[in-house]
Structure formats: structure tokens, C-alpha cells
Amino acid sequence: MLAFKNLIFILTLIYAGYIDYRKRIIPDKVHVIIILLSLMANFNPFRSIIGLLLLPIPFIIPIFFNEDSVGGGDIKIVGAIGFFLGLERGMIAVIIGLAIAVVFSLFILKKDRKDSFPFGPYIAIGSIVSLLI
């Protein structure tokens, strides 16, 4: 059951990353699927709630300074990932995703800091890596 749960989680993240890359939106059904998957096997309510509440905070804070800094879908998917992975693995996922996003956008795409880019694909990669290690 755990392998099925993780497989659906990975496929959902791939879908979310693809849609975010193409349309710059993460559908609400992605967050719902991830949260429902969390309830299946090896569910720890304390770990999940802490991840849901604390992991999105660094993504919410920039909104107070610049409304267009982080998308709402990015915040919701980070919260859902925190619910699924917990705070510790969720932080690893976010750090990996942010590192890949910075390297890719600054050095490969050569974008300026003010240019926007979809964060969904990067957080999906970071979450998959965090799940598998």
C-alpha cells in the first residue's frame, strides 16, 4: 500500500509540475489528492499537521512585501507536500527545489531576479528526491 501511495504522489507531482510549467497554475485537485494520499498508509497526524502549518510560512512572508512574489498554488502545494512528507522531509524537498530553481533560472536560462518562473516543477523534483532518499 505504501508503494502505491508513493507512486501516486510522484505522478501527481509530475502532473502539477507539467501544468505549472505550461499554464502557470497548479490545479486545486493536486493539493486535495496529495492530502488524501497522506491519509492512506503510515499516517502520522502530528507530523502531517506540523508540516502543513509550518512549511508554507517562508512562502507566505514575501507576499507581505510584494503581492506578486509567490503564487497561491505554490503555497498550497508546499503545504500539501508538508502534510505528506512532514516538516523535516518537506524542508529537504523545498531546499532541493529552491536550489535547482536558482541554478536553473540564473545560470541556464539566464533570467533576471525580477523575472518570474513556475516553481511547481522544481518543488516537484525536490519532493520526489526527498521521498526517495
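Helices and strands here are DSSP runs, numbered from the N terminus. With that in hand, welcome to a short tour of this predicted model.

**View 1. The whole chain is built from helices.** The protein chain holds 6 helices and 0 strands. Reading from the N terminus, you will meet the elements in the order α-α-α-α-α-α. The C-alpha atoms fit in a box of roughly 45 × 30 × 25 Å along the principal axes. The radius of gyration is 14 Å, which agrees with the value near 14 Å for a compact globule of 133 residues.

**View 2. Inside and outside of the fold.** Of the 133 residues in the protein chain, 41% are buried. The chain exposes about 7900 Å², and carbon and sulfur atoms supply 71% of that area. Turning to contacts between residues at least 6 apart in sequence, 77% join residues at least 24 apart. As for charge, the mean position of the 12 positive charges lies 7 Å from the mean position of the 8 negative ones.

**View 3. Helix α6 is mostly covered.** Follow the chain to residues 120-132 to find helix α6. Its 13 residues should span 18 Å at 1.5 Å a residue, and its end C-alpha atoms are indeed 18 Å apart. In α6, 10 of the 13 residues are buried; among them are Tyr122, Ile123, Ile128 and Leu131. Gly120, Pro121 and Gly126 also belong to the buried set. What do the buried residues of α6 pack against? Their partners are α1 (2-23) and α5 (72-108).

**View 4. Ser48 sits under cover in helix α3.** Look for Ser48 in helix α3, which covers residues 45-54. With a relative accessible area of 1%, Ser48 is buried, because the cut-off for that label is under 20%. Leaving aside residues up to four places away in sequence, Ser48 touches Phe43, Gly82 and Phe83.

**View 5. Two loop residues with positive phi.** Most residues other than glycine have a negative phi, and this view shows two exceptions, Arg24 and Asn42. Arg24 has a phi of about 60° and lies in the loop between α1 and α2 (28-38). Asn42 has a phi near 55° and lies in the loop between α2 and α3. Is each side chain's residue buried or exposed? Arg24 is partly exposed, with a relative accessible area of 46%, whereas Asn42 counts as exposed at 58%.

Key
Residues numbered from 1 in each chain as written. Predicted model: local features only at pLDDT ≥ 70, side-chain atom pairs only at ≥ 80, totals over all residues. Heavy atoms only, no water. Helix = DSSP H or I, 4+ residues; strand = E, 2+ residues; numbered from the N terminus. Rg over C-alpha atoms; globule rule 2.2 N^0.38 Å. Buried < 20%, exposed > 50% of the residue type's maximum accessible area, 1.4 Å probe, protein only. Contact = heavy atoms within 4.5 Å. Areas by Shrake-Rupley, 256 points an atom, 1.4 Å probe, with all protein chains shown as cover. Lys, Arg positive; Asp, Glu negative; His and termini not counted. Charge placed at Lys NZ, Arg CZ, Asp CG, Glu CD. Expected span 1.5 Å × (residues − 1).
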